[in-house]
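Here are my notes after a pass through the model you sent over. They start with one pair of strands and work outwards from there.

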Amino acid sequence: MTKMSKQEHILIIGAGLCGSLLALRMAQRGYKVTLIERRPDLREVHQDAGRSINLALSDRGLKGIKLVGLEDRVRELCIPMNGRMLHDKESNTLFSPYSGRTDEFINSISRTDLNIMLLNAADEYDTLQVLFNQSCSDVDLKNATATFVDYHTKEEQTIAADIILGTDGAGSAVRKSMYMSRDFLFSFSQDYLGHGYKELTFPPAEDGGYRTEKNALHIWPRGRDMIIALPNLDGSFTVTLFIDYEDAPDSFASLNSPEAITEYFTRQFPDAVPMMPDLVKDYEENPVGPLGTIKCHPWNAFGKVCIMGDAAHAIVPFYGQGMNASFEDVVVFDETLDKFGDQGWEKVFKEFEKTRKPDTDAIADLAVDNFHEMKEHTAHPMFQEKRKLETAFEKEFPEEYYSKYSLVTFKEEIGYREAMIRGRAQNKAILNLLDDGVLPGTLSRKQQLEAVLKATNDILHDD
Ligand code: FAD
């Protein structure tokens with residue numbers, strides 16, 4: 001069995017969010033690290049187009065940031081979002097806090113600023129080299145070598161390492177090499193939603209301020225479609241439209257003229273239209289992105305190559321957890337190294353996947369659930385009643401009650417899978433009790449909570 005020594009060379013492919021954090025942590029642990037990226041250095045070339053511009057960073061992601069000692073720097077880039085601001089078709093708004101505990105909120109953060117901050121921190125380590133404009137075309141899994149094509153010269157180079165970690169996102173070239181291998185059985189699934197997404201903007205107001213409430217994640221749920229908006233530090237909001245590609249009354253296929261675009265937005269999102277002076281231009285210029293779930297197994301090959309982040313488990317964005325899960329991967333990988341590092345890389349990779357995959361499978365499923373919840377259920381009176389009760393429980397009994405959203409988003413000491421099982425049972429219990437008229441009823445808040453906890457436990461035991 002090969003033991004690991006700190007002089008070993010780790011090649012990390014993909015300097016996005018996961019790869020940059022992972023490289024930093026591996027350098028901190030004393031390894032020699034090469035981090036290599038297909039795109040140009042985003043500190044020199046602006047390249048937002050086509051990718052989500054801002055993201056919701058929450059406790060699981062912050063755990064990874066804390067691990068590398070960058071919490072203070074990241075906090076400066078964050079805008080707290082305390083809850084969902086729901087906008088109905090009559091332009092009424094309803095604020096629904098994410099939690100009854102006042103210290104629980106999520107943060108809007110710019111993808112570019114966060115990635116730049118991680119790359120700048122990486123530059124502080126002499127043992128960590130970052131290379132840009134190098135696209136991985138192939139990985140020799142048994143020998144831990146990878147081939148790259150230079151974006152400018154088109155020349156090929158092959159880099160050898162002791163191990164390769166693939167963090168090259170949903171379209172991973174490293175994963176593709178595993179998929180193509182005939183030496184082992186590689187399972188892979190990719191499920192696209194019929195919806196795609198397009199990013200739009202609320203620019204800052206004339207006075208430089210925000211055009212709508214800054215500290216909220218705004219949602220315009222419309223059953224089949226929705227838009228959401230997250231604030232940026234410069235006073236703008238990044239708006240994302242989620243809509244069918246085709247075969248629906250309104251779709252990317254049918255919104256094919258300035259008139260159709262304006263008519264659709266005015267009909268569906270009347271209060272958002274005045275905040276989008278460049279709506280038609282933005283709509284016509286910005287690309288449509290796909291939304292899909294990728295699951296695969298195994299995540300490692302020959303104890304030489306391992307994938308993580310979106311490369312191993314891309315998910316749809318409706319729980320705001322893809323980046324958070326990828327950062328949590330780094331934390332779990334680091335813990336696995338502590339526990340099994342003396343038994344060689346193969347053992348580390350296998351234990352990492354064994355611990356992590358049930359949780360990443362769970363968040364993938366939860367994210368699809370939340371797609372339906374956000375666009376359909378958030379506008380439903382029963383859902384709003386449930387949220388009100390849960391917020392009250394969390395406020396009055398902060399130690400005893402965590403909603404499904406809070407379990408997934410804030411209770412980072414339990415895994416996604418445990419959060420999913422408990423959260424789903426709780427939802428079922430509350431909705432049944434509301435439906436039967438037991439809740440809210442004439443019960444005291446304490447009795448309401450006891451009824452929910454009992455019904456939840458009954459469901460968990462029955463399952
Ligand atoms: P990426 O960020 O995709 O990074 C992969 C890197 O590898 C890139 O830099 C890429 O250029 C590079 N690369 C790719 N191929 C190669 C190659 N062949 N050779 C070399 N380099 C290569 N997550 C959240 O937590 N919160 C949110 O609010 C949220 N919102 C989202 C909204 C949308 C619309 C979408 C699409 C996603 C959202 N996500 C969110 C998910 C999040 O963006 C991803 O989970 C996260 O970026 C994964 O990080 P990663 O480093 O694994 O992959």
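1. Start with R84, whose bridge partner in β14 is L217. That pair belongs to the contact between strand β5 (residues 83–87) and β14, which run parallel and are joined by 3 bridges. Keep in mind throughout that this is a predicted model.

2. On its other pairing, β14 is joined by 5 bridges to strand β15 (residues 225–231), and here the two run antiparallel. One of the residues to look at is P221, which has M226 as its bridge partner in β15. β14 and β15 make a hairpin with 2 residues between them, and G223 in the turn has a positive phi of about 80°.

3. How much of strand β14 is buried? The strand covers residues 217–222, and 6 of its 6 residues are buried. In a regular strand, side chains alternate between the two faces of the sheet. For β14, both faces are covered: L217, I219 and P221 are buried on one side, and H218, W220 and R222 are buried on the other. Note that R222 is on that buried list too, if you plan to look at the charged side chains.

4. Now the open sheet. It has 6 strands in the order β8-β2-β1-β12-β19-β18, and the pairing is mixed. β8 (128–131) and β18 (300–301) are at the edges with a single partner strand each, so one side of each has no neighbour in the sheet. At the β8 end, strand β2 (residues 32–36) pairs with β8 in the parallel sense over 4 bridges. Within that pairing, I36 has L131 of β8 as its bridge partner.

5. T238 deserves a quick look as well. This residue sits in strand β16 (residues 237–244). Is T238 buried or exposed? Its relative accessible area is 4%, so T238 is buried, given that the cut-off for buried is under 20%. The T238 side chain also has a polar contact of 3.3 Å with the side chain of N54.

6. On to the ligand, which is probably what you care about. There are 30 residues around the ligand, and those that come nearest are E37, A56, R111, C136 and D310. For polar atom pairs, a nitrogen atom of the ligand is 2.8 Å from a polar backbone atom of C136. A backbone N or O atom of C18 lies 2.9 Å from a ligand oxygen atom, and a polar side-chain atom of R39 lies 3.2 Å from an oxygen atom of the ligand. The ligand on its own has 1,000 Å² of accessible area, and the protein covers 90% of that.

7. Which elements give two or more residues to the shell around the ligand? They are α1 (17–28), β3 (54–57), β9 (134–140) and α9 (322–340). Of these, α9 gives the most, with 4 residues. By class, the shell splits into 10 nonpolar, 13 polar and 7 charged residues.

8. Last, the overall picture. The protein has 14 helices and 19 strands, and 56% of its 463 residues count as buried. Along the principal axes, the C-alpha trace spans about 65 × 55 × 40 Å. The radius of gyration is 23 Å, which agrees with the value near 23 Å for a compact globule of 463 residues.

Definitions and conventions: Residues are numbered from 1 along each chain as its sequence is written. This is a predicted model: local features need pLDDT of at least 70, side-chain atom pairs count only at pLDDT 80 or more; totals for chains, interfaces and linings use all residues. Side-chain values use heavy atoms; hydrogens and water are left out. A residue is near a molecule or strand if one of its heavy atoms lies within 4 Å of it. A polar contact is a pair of N or O atoms within 3.5 Å; within protein, one must be able to donate a hydrogen and the other to accept it, and residues adjacent in sequence count only if both atoms are side-chain atoms. Accessible areas come from the Shrake-Rupley method with a 1.4 Å probe; for residues, only the protein chains shown count as cover. Ala, Val, Leu, Ile, Met, Phe, Trp, Tyr, Cys and Pro count as nonpolar, Asp, Glu, Lys and Arg as charged, and the others, Gly among them, as polar. Buried means under 20% relative accessible area, exposed over 50%, partly exposed in between (1.4 Å probe, protein chains only). Two strands pair if DSSP finds at least two bridges between them. The radius of gyration is taken over C-alpha atoms; the globule rule is 2.2 Å times the number of residues to the power 0.38.
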